[in-house]
Amino acid sequence: MFQRLRRALKLSCLLSICLASVADVALAAEPTPAVLPRPDFHFPGNVGRTYLDSDPAQFPQPVKAPKGAPNVVLILLDDAGFGQFNTFGGGVPSPTMDRLAKEGLRFNRFHTTALCSPTRAALITGRNHHSAAFAGITELATGYDGYTCILPRSCGTVGEVLRQNGYNTAWIGKNHNTPTWELSDAGPFDRWANGLGFDYFYGFNAGDMNHWNPVLYENRNLVPASEDPNYHLTEDLADHSIAWLRKAKSISPDKPFFLYVAPGATHAPHQAPKDWIAKFKGKFDNGWDEYRKETFARQKKLGVIPANAELTARPDGLPAWESLNADQKRLYARMMEVFCAYGAHCDHEMGRIVEAIKALPDADNTVIIYIAGDNGSSAEGGIEGSLSENMFFNGFAEKWQDNIKAIDELGGPKHFNHFPSAWAHAMNTPFQWTKQVASHFGGTRNPMIISWPAKIKDQGGLRSQFIHTIDVVPTIYEVCGITAPTELNGIEQKPIEGMSFAAAFDDAKAKEQRTTQYFEMALNRGIYHEGWMASAVSFPPWQATREGFDPDKQKWELYHVDEDFSQAEDLAAKEPAKLRELQDLWWVEAAEHNVLPLDWRGTIRMNAEAMGRPSLVRGRNHITYYPGTVGLPDAASPPMLNKSWKVTAKIDVPEKAEGMIVTQGGLEGGYGLYLKEGKPTFVYNFLAGDRTALAADEPLPKGKATLVAEFKYDGKPNPQNYADMGQGGTVTLSVNGKKIAEGRLERTIPIQMSISEGLDVGMDVGSAVSFDYKPPFAFNGEIESVTVDLE
């Protein structure tokens, strides 16, 4: 209680007192206001009958950042582990991290939430993820306070606060903090990146994205597909970051900037240029067990883990490398080569951004915060690896015998591939577990590097204070001389729950501010308190369907992490009183931060209908779309799963007709209705596992036509039970009332049609549902309308 009172008093104070020496560069003559925006301008002079007998006119002046305030660049990689990159002992080259670490500081006890949307909400607000309503990713939202994924207006973002204090702000890359049902062109837009305080946005609104055929937005506008045959998303994001930096400093050189760069790497799909993949051929043939040993040795040599740290055991359920056959080893080694290329390529592209920053006149007064991962490395590829991550989200496991057939295509545009869970565990060396497992550091401990040449003198230093994602925002405010507002845009603000660690910039032995931190993700629970950590696992992350669980029977472990860096020795049996103390404290923290009610459900939460999430289409059984409807997100597209439906397209067919009429989804699942060489064609893509195609024997004649694709579902419509979902049915194609083709779908997608792509009329703006055509595959005739009827 005393700690929380002290925190509240600290946050309510204005920055009129002298800050630590590391922040004196940003001291202002007056503190920035605690209430934003500032009051409207009012002319302060005398006003007479005319301007001749009035005081000289004055204009309101633009808000200026505190004198000497630094530029801030925040780089956040995706799904990366503590032992992944070279800078922290891993096997993935990271020269950009190396460079920044050499001139700045490495932090080896920095923590995330174990999942992407929650970490990102905490990162931009300074509040715990449940406090900010982000208990999970946006696609898992439920209707409880901590779980809605609707960022409260009482949790203002660092972008909004800096923008109103004289900064240029930009967000480039992944936005996974807008409710899925608000992502269409119908808005609302106040929780898009621009509405969250960022002057400029370029990137994608989803959890992951196809790096060869992405669906991108510039501010609120859909970006046309690139025509560059060598296009790759990470390079594109770097290009736009550099262009924005140069433009901002050219136009307003005295105005500091805040740039938030969030590339999609190294989240699935693991996609990288061929020449990068070729660099790592044979590098991982010794497998994940040997990788962990080698990484562990390098980590000790680098000093990023203590000399007495222990290498934790491989979790039950993950196979030993030596237990695999030769084909499995060949496939899994190749998957790791692709992943390594993906990560190395990303760090290289972040290096281009750093080079551009170094060329700016105020480069030394730029704080670069480089965080390698919003959670630990991902085990969502399953035990045997994956060619389609959407299989996992729909509750299906894949077989290596099927995946090895695509070994030479991994990393390319045909697959949404993901390596096996055991490689994810290896990426998190020396810790237990992976992404999703918030109870253990394998899910939550990520490398962080901070460079600030103007102020950090201990170049190459290591810092070991216990830090959480929520601590980044108050640290930025302190070094920039910014007061955390108590009121923002008319809304009283929740106290910032993070605590600045800026004092550690100067002093390696600075007092640790964070003495307590709870963790929770899908009922993987943990609590850190004064050097101890209690941990409880619910489900292994590679188990997609999660039922029959009793939280009161959950096994708890106990670690003295001040002495046991890697959580290697479970002391629960030896220290039952300490364990009970921490368990009780977890419940106190959970009640305070909107963690309750506990929810351990898995894939079923991905289904928006089953969860009752808001929808632009729910209750509409007859929906008509017109030409120009493209880039409609999955959450705003017709819910065509687990029911019968009919798609009716009224078209005017030209000679040599070609192109997409309507499509929903893409590479990892969906359907398409199009004309190929004039022939009506329907393709159903079952999670990239199989693609069923129906086509007419003859092309359509020139002129008007009504083209219908109708599906009759075998099961009951809209079931709530996962076991009843995804049944098959019959598809019929007809033109002007005449049947032209018929076939069976033996199974259908049960939970989520697509990860990041929705409905397009007249073209395909993302990836293709079939390799029969190449996007955008625009229809060369005219479309009057496309109507979807749902049972």
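Start your tour at the second largest cavity, which holds about 410 Å³ of space. A cavity here is a set of points on a 1 Å grid over the protein atoms alone where a 1.4 Å probe fits but cannot get out; points are joined across faces, edges and corners, and the volume is the space filled by probe spheres set on them. The model is predicted, so local features need pLDDT of at least 70 and side-chain atom pairs count only at pLDDT 80 or more, while totals for chains, interfaces and linings use all residues. Residues are numbered from 1 along each chain as its sequence is written, and side-chain values use heavy atoms, with hydrogens and water left out.

Select Leu115, Ile137, Leu140, Phe393 and Gln436: of the 31 lining residues (an atom within 4 Å of a point), these lie nearest the centre of the second largest cavity. Next, colour α9 (389–393) and β16 (516–521), each of which supplies at least two residues of this lining. α9 gives the largest share, three residues. Helices (H or I, at least four residues) and strands (E, at least two) are DSSP runs numbered from the N terminus.

Now move to the largest cavity, with a volume of about 660 Å³. Of its 48 lining residues, Thr180, Pro633, Asp634, Ala635 and Ser754 are the closest to the centre. Show α16 (608–611) and β29 (759–761), the elements that give two or more residues to this lining.

Next stop: the nonpolar cores. A core is a set of buried Ala, Val, Leu, Ile, Met, Phe, Trp, Tyr and Cys residues joined through side-chain atoms within 4.5 Å, where buried means under 20% relative accessible area (1.4 Å probe, protein chains only). The largest core has 169 residues, and Phe258, Leu259, Tyr260 and Trp423 have the most contacts inside it. Select helix α8 (residues 326–358) too, as the source of the largest share of this core, 17 residues.

Zoom in on Leu259. Leaving aside residues up to four places away in sequence, Leu259 touches Val72, Val73, Leu74, Ala170, Ile172, Ser241, Trp244, Leu245 and Ile353, a contact being heavy atoms within 4.5 Å. Then pick Ile623, Ala657, Phe779 and Val786, which are among the 44 residues of a second, separate core.

Finish with the cysteines. How many disulfides does a search of the whole structure find? Zero, a disulfide being a pair of cysteine sulfur atoms within 2.5 Å. Select Cys346 and Cys340: the sulfur of Cys346 has its closest cysteine sulfur there, 12 Å away, too far for a bond. Cys346 is also buried, at 0% relative accessible area.

Terms used:
On a 1 Å grid over the protein atoms alone, a cavity is a set of points where a 1.4 Å probe fits but cannot get out, and a pocket is an open set with protein on both sides within 12 Å along at least five of seven lines; lining residues have an atom within 4 Å of a point. Buried means under 20% relative accessible area, exposed over 50%, partly exposed in between (1.4 Å probe, protein chains only).
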